[in-house]
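Reader: I'd like to learn how to read a pocket and then the sheet beside it in a new model. Could you walk me through this one?

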Amino acid sequence: MKIYGDSISGNCLKVKWVCDSLGLAYDWIETSVIAAETRTPEFLALNPAGQVPMVVLADGRPLAQSNAIILHLAEGSALIPADAYDRARMLEWMFWEQYSHEPYIAVARFQLAYLGKTQADLDPKVMPRGRAALQRMEDGLAGGGAFLVGEAVSLADVALVAYTRVAHEGQFNLADYPLVQAWVGRVEQALNIRD
């Protein structure tokens, strides 16, 4: 399997972490978004959306979109709950992550840490909605479970830890969300994330 990914991207790291956690073999092909390597004719032939992560499976089939990729790779593993309701809750968090978390936490991080912008340059909705996303996670963890769906790490945790763990680079203070901060540590430990 080949993974086309940018090492600064949480969405790309999700795929790497799932592969590493499950012992799946892959070749990582560093593909810089900043250097427009996702806009070359060769890359666009693989993924017309021009986005990473992008995988080419061992049988040659391509697959894009981080959460679709990790769902495919983790099929039949402990990262996907066996119980149908818990599986649906995992998907609920994963869908929410792409719609209500990543567009604010990841966007603030990219624009502030990598493009050198200031908070004043951001869309005025980004910071309040990012804080609201972190509060939603804090509230979700208040039920006492170690992870977002019960007591075992799942793809919901993989999806959400990717940008939450680096939210400070987007000028969000995780100390304001102690349950989230503790959860990040548990997920990093469960997935053996060291970077």
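Author: Happily! Start with the lining of the largest pocket, which in this predicted model has nine nonpolar, eight polar and four charged residues.

Reader: How is such an empty space found in general?

Author: Rolling a probe the size of a water molecule over the atoms shows where empty space is left. Here, the largest pocket comes out at a volume of about 540 Å³.

Reader: Which residues lie nearest the centre of the largest pocket?

Author: Those are S9, N11, V52, E102 and Y163, out of 21 lining residues.

Reader: And which element gives the largest share of the lining?

Author: Helix α4, spanning residues 84-114, supplies seven residues.

Reader: Now the sheet, please. In what order do its strands come?

Author: A good habit is to read the order together with the pairing. In this open sheet the four strands follow the order β2-β1-β3-β4, with mixed pairing. The edges are β2 (27-30) and β4 (62-64), each of which pairs on one side only. On average, neighbouring strands are turned by 20° against each other, direction ignored.

Reader: How do β1 and β3 run, and how many bridges join them?

Author: They run antiparallel, and three bridges link β1 (residues 2-5) with β3 (residues 54-56). For instance, K2 has V56 in β3 as its bridge partner.

Reader: Which helices should I look at next to the strands?

Author: Look at α1 (residues 10-22), which lies across β1, β2 and β3 and runs at about 150° to β1. Helix α3 (residues 66-73) also packs on the sheet, touching β3 and β4, and its direction makes about 125° with that of β4.

Terms used: Residues are numbered from 1 along each chain as its sequence is written. This is a predicted model: local features need pLDDT of at least 70, side-chain atom pairs count only at pLDDT 80 or more; totals for chains, interfaces and linings use all residues. Side-chain values use heavy atoms; hydrogens and water are left out. Two strands pair if DSSP finds at least two bridges between them. Helices (H or I, at least four residues) and strands (E, at least two) are DSSP runs, numbered from the N terminus. Axes are lines fitted to C-alpha atoms, for helices over the stretch in contact, and angles run from 0 to 180 degrees between N-to-C directions. Contact means heavy atoms within 4.5 Å. On a 1 Å grid over the protein atoms alone, a cavity is a set of points where a 1.4 Å probe fits but cannot get out, and a pocket is an open set with protein on both sides within 12 Å along at least five of seven lines; lining residues have an atom within 4 Å of a point. Grid points are joined across faces, edges and corners, and a volume is the space filled by probe spheres set on the points. Ala, Val, Leu, Ile, Met, Phe, Trp, Tyr, Cys and Pro count as nonpolar, Asp, Glu, Lys and Arg as charged, and the others, Gly among them, as polar.
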